[in-house]
Amino acid sequence: MAIVRSLDLPLEQTAVSRFLPWIMAGLLYLSLVALAVAAVADGAWELYNQRSKLVTVTLPGAKGNDADVETAAILKILNDSGEVAAAHPVGNDELQELIAPWLGDAKASDREIALPRLIDVTLDPLVAPDLKGLQERLRQVVPEATIGIQAVSHDRAQRQASFFRTSGIAVGLVLLVAALVLVAVITRLSLTTHQETVALLRYMGAQDGYLARQFERFALLSSLRGGLVGFSIAMVTVLVLLYSIQHLELTSTIRLGLRPVDWIMLACVPVVSALLCTATARLTALWGLSHMP
Amino acid sequence: MGHCAIFTIIFERIPQRLMLQLDHVAMRYGEGPEVLHDVNLSLERGDFIFLMGPSGAGKTTMLHIMGLIRMPSRGSVRIFGRDVADMNRDELGESRRRIGMMFQDFRLISHLSAFDNVALPLRIGGGKEREVRELVHEMLSWLGLTDVIDATPPTLSTGQRQIVAAARAAISRPSLLLCDEPTSNVDARRARRLMRLFTELAKDGTTVVLSTHNDDLPDRYPHPVLHLNAGQLTGRTLPAKPVAAAD
Ligand SMILES: Nc1ncnc2c1ncn2[C@@H]1O[C@H](COP(=O)(O)OP(=O)(O)O)[C@@H](O)[C@H]1O
Ligand SMILES: [Mg+2]
C-alpha cells in the first residue's frame, strides 16, 4: 500500500492534470534563474553604487611651482563644489607604484617626462553628481583636466545591472503568476473532466471542502515535486553561470555573486509558490463546485 | 404536566423509528414518460425488505430516489425525520453519509484499489486513518477478498467487483442500506455471505432495501417483499415460511 494515500479523483492519471508537476518544474526553473539573475544584478548594482562615489581627477604632467599652483586651484574648486565630500592628491610614492609596471624600475624623477597628477575624489553620496559640469569648471583652470573615466563606465554597467535587476524580477514574478493561473485552469478543467466521480463522491455525502481538498493535495504535491526539481536544476545552472562568468573574467571590476540573503530568498520561492498554488487550487475548486449542480 | 412529558417522548420517538417515507412519489426523466407512479412507502429502523419487479419496472429509479441521488418529479421524500426538499447542501450531504448505496453498475472508482474504494465512505465521514484501515481490512477479509485488496476494479472479476461495491455500501454501518440487485453476479457461497452481512446490519438497526428481479432471494430469506410493476407498487407479501438463512 502506498505511503501517500491515493487521490479519490484520478488527477495523477488523466492528461489534463498529470503533467502539472513537470510544467511546474519548468516554470519554477525559469522563474528561479530569472530571480537569481535579478539578485546578482542587485548585488552588482550595489557594488557599482559604492564605487561610483569614487572618481579620479587627472591633470597633465607638469613640473615645479606651476604644478603646485594648478593643483591647489583644482583642489579649491573641488572642495568648494557641493557634490564633493573629499579630495586628496595621490602622493608621489603611490603614483610611482601605480606606474611602475609600465616604466620599469627607473625613478620617474630621473626622467624627462613629467608624470600626470592624480586626485582621488570622494563624491557626496547624497548629491547626484554632475561630473560633466565639474569637469568644465576644472578645465577653466587646467584645460587638459579629465574626471572620472571609470565613473562613466560604471554608469553604463550600473544601468545594465539595474536593467537586469528589474527585468529579472519581472520575468520571475510573471512566471510564478503563470504557474498560479495554470493551477487554476487545470483545477477547473479537471473538475469538469471528473464530474461523474465528483457526483459519485457527493452521493456518498462528500462536502465541497472534502472535494476541494483533493485538488489542494494534488496542487501541493505537484508544486512541491516540481518545485524541488526546478529548484535543484536552477541552482546548478546559476552556480555554473557564476563560475563561468568569474573564470572568463567578463567583469574585471567587480565580483558577481549571490549574497547569503539571496540564497535564502531563492530557497523560499518554491515553498511560497507551493503554498500559493495550494490556495489557488482550493479557491478554484470551491468556486467551481459551488457552480456545479 | 405529566402527560406533556409522555407526548414529548412519543413525538421524539416517532421520527427516530421512521427512517424513510415516500409520499405520492412520481418520477419522469426529462420530458420522457412517467416511470414511477404515486409510490407510497414507509420504512422503519431495522426493516429489511425486498423490492421485486421485472427489468424496467423502476427498481433502480426508486432506489435512487430513496438514496437521495435523484429528486422525484412529484411527491415528497422524508428521510431521518426531515423533508429532503427543505435540506440545504450541507444537510443533504449529512443525510447521504447515513445512506449506503450499492449501485447496480457498482460505480467503483477505477484508479483506486479495492481497499481505497471500500474506504471512501469512512474517509468522507472523516474517519481516522488507523480505524479506516482496521475496518476495511476486517470487512474485506470477512468477504474473502484479502488477496485482491490492492487490485483495481478493472482487474477484478464482475463478482469480485460486486462484493467490493457491497462492502463499500455497508462499511460505514449506514442507517439506510440500499442494494440494487446485489447478488446477481456472485456465486451462491458469496451471495450467502453478503446476505448474512446485510442481515447483521439490519439486526443492529440498519434499514435494508434489496432490489431483485428473480424469486430466488425472497424464497430463501424471510423478509417482506414489495412488488413493483411498470412503476407502480402493486402489493406487499409477507414472508411465507421463516427459512433460516444458512451459511
Ligand atoms: N437515466 C435515465 N434516463 C431516461 N430513462 C431512464 C433512465 N433510467 C431509467 N430510465 C427508464 O426508467 C424505467 C425504469 O428503469 P429502471 O429504474 O432502471 O428499472 P429497473 O431497475 O427496475 O430495471 C425504464 O423504462 C428505463 O428505460
Ligand atoms: Mg435496475
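Me: Is Cys179(B) buried or exposed, and at what relative accessibility?

Reply: In this predicted model, Cys179(B) has 0% relative accessibility and counts as buried, because buried means under 20% relative accessible area.

Me: How should I read a disulfide, and how many disulfides are there over all chains?

Reply: A disulfide is a covalent bond between the sulfur atoms of two cysteines. Here the count over all chains comes to 0 disulfides. Cys268(A), for example, is in no disulfide, and the nearest cysteine sulfur, which belongs to Cys277(A), is 15 Å away. As for its surroundings, Cys268(A) counts as partly exposed, at 40% relative accessibility.

Me: Which residues coordinate the magnesium ion (ligand 2)?

Reply: To read a metal site, one asks which protein atoms serve as donors and then where in the chain their residues lie. The magnesium ion (ligand 2) is coordinated by OG1 of Thr60(B) and OE1 of Gln104(B), at 2.0 to 2.1 Å. Thr60(B) belongs to helix H2 (residues 59–66) of chain B, while Gln104(B) sits in the loop between strand S6 (99–102) and helix H4 (114–124) of chain B, so the pair ties together parts that are 44 residues apart in sequence. Thr60(B) is partly exposed, with a relative accessible area of 24%, and Gln104(B) is also partly exposed, with a relative accessible area of 39%.

Me: The loop that holds Gln104(B) leads to helix H4 of chain B; how many residues of H4(B) are buried?

Reply: An α-helix has 3.6 residues a turn, so residues three or four places apart point the same way. With that in mind, one can look at how burial is spread along a helix. H4(B) is mostly covered, with 11 of its 11 residues buried. Among them are Phe115(B), Val118(B) and Leu122(B), and the buried residues also include Asp116(B) and Arg123(B). Just after H4(B), Gly126(B) takes a positive phi of about 80°.

Me: What does a search of the whole structure find in the way of cavities of 30 Å³ or more?

Reply: A cavity can be described by its volume, by the residues that line it and by the elements that supply those residues. The search finds 1 cavity of 30 Å³ or more, and the largest cavity has a volume of about 50 Å³. Its lining includes Leu11(A), Ser17(A), Thr187(A), Phe215(A), Phe218(A) and Ala281(A). Helix H6 (149–193) and helix H8 (208–248) of chain A are the elements that give two or more residues to this lining, and H6(A) gives the most, with 4 residues. By character, the lining residues of the largest cavity divide into 8 nonpolar, 3 polar and no charged.

Me: How many helices and strands are there in chain A, and in what order do they run?

Reply: The order of elements is read from the N terminus on. Chain A has 9 helices and 4 strands, and its elements run α-α-β-α-β-α-β-α-β-α-α-α-α. Of the 293 residues in chain A, buried residues make up 40%. Among the contacts in chain A with a separation of 6 or more, 85% are accounted for by residues 24 or more positions apart.

Me: Where is Asp68(A) placed, and how far is its C-alpha atom from that of Ala170(A)?

Reply: Position along a chain and separation in space are two readings that can be set side by side. Asp68(A) is in helix H3 (residues 64–80) of chain A, and this residue is exposed, with a relative accessible area of 53%. Asp68(A) and Ala170(A) are 102 residues apart along the chain, and their C-alpha atoms are separated by 53 Å.

Definitions and conventions: Residues are numbered from 1 along each chain as its sequence is written. Chains are lettered from A and ligands numbered from 1 in the order in which they are written. This is a predicted model: local features need pLDDT of at least 70, side-chain atom pairs count only at pLDDT 80 or more; totals for chains, interfaces and linings use all residues. Side-chain values use heavy atoms; hydrogens and water are left out. Donors are N, O and S atoms within 2.8 Å of the metal (3.2 Å for Na, K and Ca); water is not among the atoms, so sites may look incomplete. Buried means under 20% relative accessible area, exposed over 50%, partly exposed in between (1.4 Å probe, protein chains only). On a 1 Å grid over the protein atoms alone, a cavity is a set of points where a 1.4 Å probe fits but cannot get out, and a pocket is an open set with protein on both sides within 12 Å along at least five of seven lines; lining residues have an atom within 4 Å of a point. Grid points are joined across faces, edges and corners, and a volume is the space filled by probe spheres set on the points. Ala, Val, Leu, Ile, Met, Phe, Trp, Tyr, Cys and Pro count as nonpolar, Asp, Glu, Lys and Arg as charged, and the others, Gly among them, as polar. A disulfide is a pair of cysteine sulfur atoms within 2.5 Å. Contact means heavy atoms within 4.5 Å.
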